[in-house]
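Trainee: Got a minute? I'd like to go through this one with you.
Mentor: Sure, put it up.

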2 protein chains.
Amino acid sequence: MTKKPIDISAPPPDIRTAAKGQAPIAGGDVVASASNRAVRAAERRAAIVEAALEEFIARGFAATRLDDIAKRAGVAKGTIYLHFKDKESMFEELVRIVIVPVVEKLNALPPPTGSVRDLVEAFASNFLKEVANTRRGDLVRLIVAEGPRFPAVADFYYREVVSRGIAGMRALIELGIARGEIQQKNLARFPQILVAPAMIAVIWQSLFARHAPLDAQEMLRVHLDLIFGERRTT
Amino acid sequence: MTKKPIDISAPPPDIRTAAKGQAPIAGGDVVASASNRAVRAAERRAAIVEAALEEFIARGFAATRLDDIAKRAGVAKGTIYLHFKDKESMFEELVRIVIVPVVEKLNALPPPTGSVRDLVEAFASNFLKEVANTRRGDLVRLIVAEGPRFPAVADFYYREVVSRGIAGMRALIELGIARGEIQQKNLARFPQILVAPAMIAVIWQSLFARHAPLDAQEMLRVHLDLIFGERRTT
DNA sequence: TGACTTTGACTGACTAGTCAGTCAAAATTC
DNA sequence: GAATTTTGACTGACTAGTCAGTCAAAGTCA
């Protein structure tokens, strides 16, 4: 229930504008809303993205009203059209805007130390913290929901997240096999198996948590025991 | 791509009518479209359900037009309202109509013979045949997509399918543990792990098959090897 | 059995309402 | 005070739901 919001460090929309004078970013006091045009524009854009994300997650693409997004963002409807071409491309950009920083964070990640199991476990608990109990989790559901109607979104998501994730997991699995931590050689052919419970956890939380809460953390642990063998006493 | 349609054996909508005189059902020839009112009504209802399912799966709830459903069903829009109260309750009934026969089939199923592994494997391949490559697979995605906006649907689905499925799987896992086929005792606490790859397969097929086809059959086999140990040579 | 009457399933034009997208005017910035 | 940004009233396309009217099938009568 207590979803952490996603911090959206939105770059200004289309800043041929801002690149004019000298260093245009960051005025003296950021305390009150900063009074540099580019900055304010970026703030508004961020507010719109935040609001849109919220609405799209809650209602899906078709049922979301731009009026509601505008109201939530504290902005007039016309303003939205200063930042986005139309509803559809707003949705598509939205997904990119939210996902890109995650991918970047993942790319900058693994200093490959310790056992593969520890690595995967760190990954998993990070995933739970950063995704499963965040708006981002709902975003995953949103993509599953709207993907078929937005091939561009599905493509992007596949390319940026899924294929990389699968590749990364495969590398990890192969390492695990090489080191003898993982017995099942075939697992490398289906890294999906490794992440399946995590995905299920995300979906479960947003659909059935109310009926039967799921201890995702513990479930993932059990799953890892299955793959790596019962946990040795450290 | 080659989805099997779902056969919808729709009961007549509301046949106080038909119960008046003597046995009113079933005329001589059903070859040409039957000419008994109740029968025709049932046919039309079935056509509407079939068409609605198709449209809702393709476009989601909000973006689906009743005009399109009517056209696809070969029926006037008004006719839909003779069978369903409104769009929303049509959607909710739809899910029930399609899911109930599946549940019934499952209930009438397991003659518990052979090893647990064989049982589960039969289950899995049945699932692939009956769900993953059927409209029903898309229906699962549809429920994931619309669930949060249709608590009634999510509730129904949880009650009729998910909770029963989980319970059934748990029973199977416990049997497997008792018989020594399954080592991981904790698995019984999270039957979700057992079905996770199957769910992932369904979602994968409808979102990413185009990018990277997935041999679901083989993936499930590998997953079962993980749980039951590598397959002994039969 | 055939003529006449009643029924109610079905139709589709219509209404009332919604919402994406526009743009002239107001506000803000420099 | 000119240029730029923001606003929100407005338009027009679209659609859920309605309902007066139609007509094949069922019922009735002689």
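**DNA contacts, cavities and symmetry**

Mentor: Start with DNA strand C: of its atoms within 4 Å of the protein, 70% belong to sugar or phosphate and the rest to bases.

Trainee: What kind of model is this, and how is it numbered?
Mentor: It is a predicted model: local features need pLDDT of at least 70, side-chain atom pairs count only at pLDDT 80 or more, and totals for chains, interfaces and linings use all residues. Residues are numbered from 1 along each chain as its sequence is written, chains are lettered from A and ligands numbered from 1 in the order in which they are written, and side-chain values use heavy atoms, with hydrogens and water left out.

Trainee: Which residues come nearest to DNA strand C?
Mentor: A:Leu66, A:Lys77, B:Arg44, B:Ala76 and B:Thr79, out of 18 around the strand. A residue is near if one of its heavy atoms lies within 4 Å of the strand.

Trainee: And where does B:Arg44 put its polar side-chain atom?
Mentor: At 2.9 Å from a sugar or linking oxygen of DNA strand C. Backbone atoms take part too. An N or O of the B:Ala76 backbone lies 2.8 Å from a phosphate oxygen of the strand. For A:Lys87, a backbone N or O is 3.0 Å from a phosphate oxygen.

Trainee: Which elements give two or more residues to that surface?
Mentor: In chain A, α1 (37–59) and α3 (77–83); in chain B, α1 (37–63) and α3 (77–83). The largest share is four residues, from α3(B). Helices are DSSP runs (H or I, at least four residues), numbered from the N terminus.

Trainee: How does the surface near DNA strand C split by class?
Mentor: Eight charged, five polar and five nonpolar residues. Asp, Glu, Lys and Arg count as charged; Ala, Val, Leu, Ile, Met, Phe, Trp, Tyr, Cys and Pro as nonpolar; the others, Gly among them, as polar.

Trainee: Switching topic. How many cavities of 30 Å³ or more?
Mentor: Two. A cavity is a set of points, on a 1 Å grid over the protein atoms alone, where a 1.4 Å probe fits but cannot get out; lining residues have an atom within 4 Å of a point. The volume is the space filled by probe spheres set on the points, which are joined across faces, edges and corners.

Trainee: What about the largest one?
Mentor: The largest cavity holds about 90 Å³ of space. It has 16 lining residues, and A:Gly60, A:Glu146, A:Arg149, B:Glu146 and B:Arg149 are the closest to its centre. The largest share of the lining, five residues, comes from α1(B). Eight lining residues are nonpolar, two polar and six charged.

Trainee: And the second largest?
Mentor: About 50 Å³. Its lining includes B:Glu121, B:Ser125, B:Gln217 and B:Arg221. Helices α5 (116–132) and α9 (216–228) of chain B each give two or more residues to that lining.

Trainee: Last thing. What rotation superposes chain A on chain B?
Mentor: 180 degrees, with 0.0 Å of shift along the axis and an RMSD of 0.1 Å. The two copies are therefore related as by a two-fold rotation axis. The fit is least squares on C-alpha atoms of residues with pLDDT of at least 70 in both copies.

Trainee: Which residue of chain A comes closest to the rotation axis?
Mentor: A:Ala145, with its C-alpha at 2.1 Å.

Methods. Polar contact = N/O pair within 3.5 Å; in protein donor to acceptor, adjacent residues only side chain to side chain. 1 Å grid on protein atoms, 1.4 Å probe; cavity = no way out; pocket = protein on both sides within 12 Å on 5 of 7 lines; lining within 4 Å.
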